[in-house]
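Biologist: Got a minute to walk me through this one? I'd like to start with how the strands pair up.

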Amino acid sequence: SSRAIRTVKVSDNGQFIAIATYSPGTDAVVVIIDRFGNDLAEINFDQNVEDMVISKDGSYVTIRSNGRMGVYSVRDGERNGSASFRSTLLYAEYVPEDQTVIALTGSRSGSSLTDVEIHAINVAARAIQRQSFSTALSMTDLIPLKLSRKGTYRYSLSGLNKTLELSVSF
């Protein structure tokens, strides 16, 4: 009762719910529950939560602020990896099969994106790859960004004005 809800996310399969809460002067708290209301994890995050993505199997949650992201295990609430970014972090999602986070950074003015970079972070190997995009990209809050895994280290990011096909090698 002493905290307010900032955002709520439901997994694609409807099995899991992530609720980000806040209270002035304290860390954000993300509570993960299953569809029956059972508490699975409670995660403290020391920045304002902008978004959360629950992995398809419900084992991990990616929590994102404007400049930082963290990947947490839903089973025990432990952090599996994290990264900070110099540019505004617009999207981040952990792909457990590849132990990799795909992140999108850039500057946003209205729907236009500039200085766009895609980051691939392998949390197991502690390796990072970055790719800048000079192509004009745009996004809207009405169409969510969606990452699809096409194969080992191959992804498709949709929800922008162009679908980005990504291939990473570590």
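Modeller: Sure. Keep in mind that this is a predicted model. Take K9 as a way in: its bridge partner is A18, in strand 2.

Biologist: OK, and how many bridges join strand 1 to strand 2?

Modeller: There are 6 of them, and the two strands run antiparallel. Strand 1 covers residues 4–10, while strand 2 covers residues 16–22.

Biologist: What's going on in the hairpin of strand 1 and strand 2?

Modeller: That hairpin has 5 residues between the strands, and G14 takes a positive phi near 75° there.

Biologist: And which way does strand 2 pair with strand 3?

Modeller: In the antiparallel sense, over 6 bridges, with strand 3 spanning residues 28–34. One pair to look at is T21, whose bridge partner in strand 3 is V29. Strand 2 and strand 3 also form a hairpin with 5 residues between them, and G25 in the turn has a positive phi of about 85°.

Biologist: Switching topic: is strand 2 mostly covered or mostly open?

Modeller: Mostly covered, since 5 of its 7 residues are buried.

Biologist: Back to strand 1, then. Which residues make the nonpolar surface patch?

Modeller: I5, V8 and V10 make a patch of about 270 Å². Of these, I5 sits in strand 1.

Biologist: Why does I5 count as exposed?

Modeller: Because its relative accessible area is 56%, and the cut-off for exposed is over 50%.

Biologist: And how do side chains sit along a regular strand?

Modeller: They alternate between the two faces of the sheet.

Conventions
Residues are numbered from 1 along each chain as its sequence is written. This is a predicted model: local features need pLDDT of at least 70, side-chain atom pairs count only at pLDDT 80 or more; totals for chains, interfaces and linings use all residues. Side-chain values use heavy atoms; hydrogens and water are left out. Patches are made of residues with over 30% relative accessible area and no salt bridge: like charges are joined within 9 Å, nonpolar side chains (Val, Leu, Ile, Met, Phe, Trp, Tyr) within 5 Å. Accessible areas come from the Shrake-Rupley method with a 1.4 Å probe; for residues, only the protein chains shown count as cover. A salt bridge is a side-chain nitrogen of Lys or Arg within 4 Å of a carboxyl oxygen of Asp or Glu. Helices (H or I, at least four residues) and strands (E, at least two) are DSSP runs, numbered from the N terminus. Buried means under 20% relative accessible area, exposed over 50%, partly exposed in between (1.4 Å probe, protein chains only). Two strands pair if DSSP finds at least two bridges between them.
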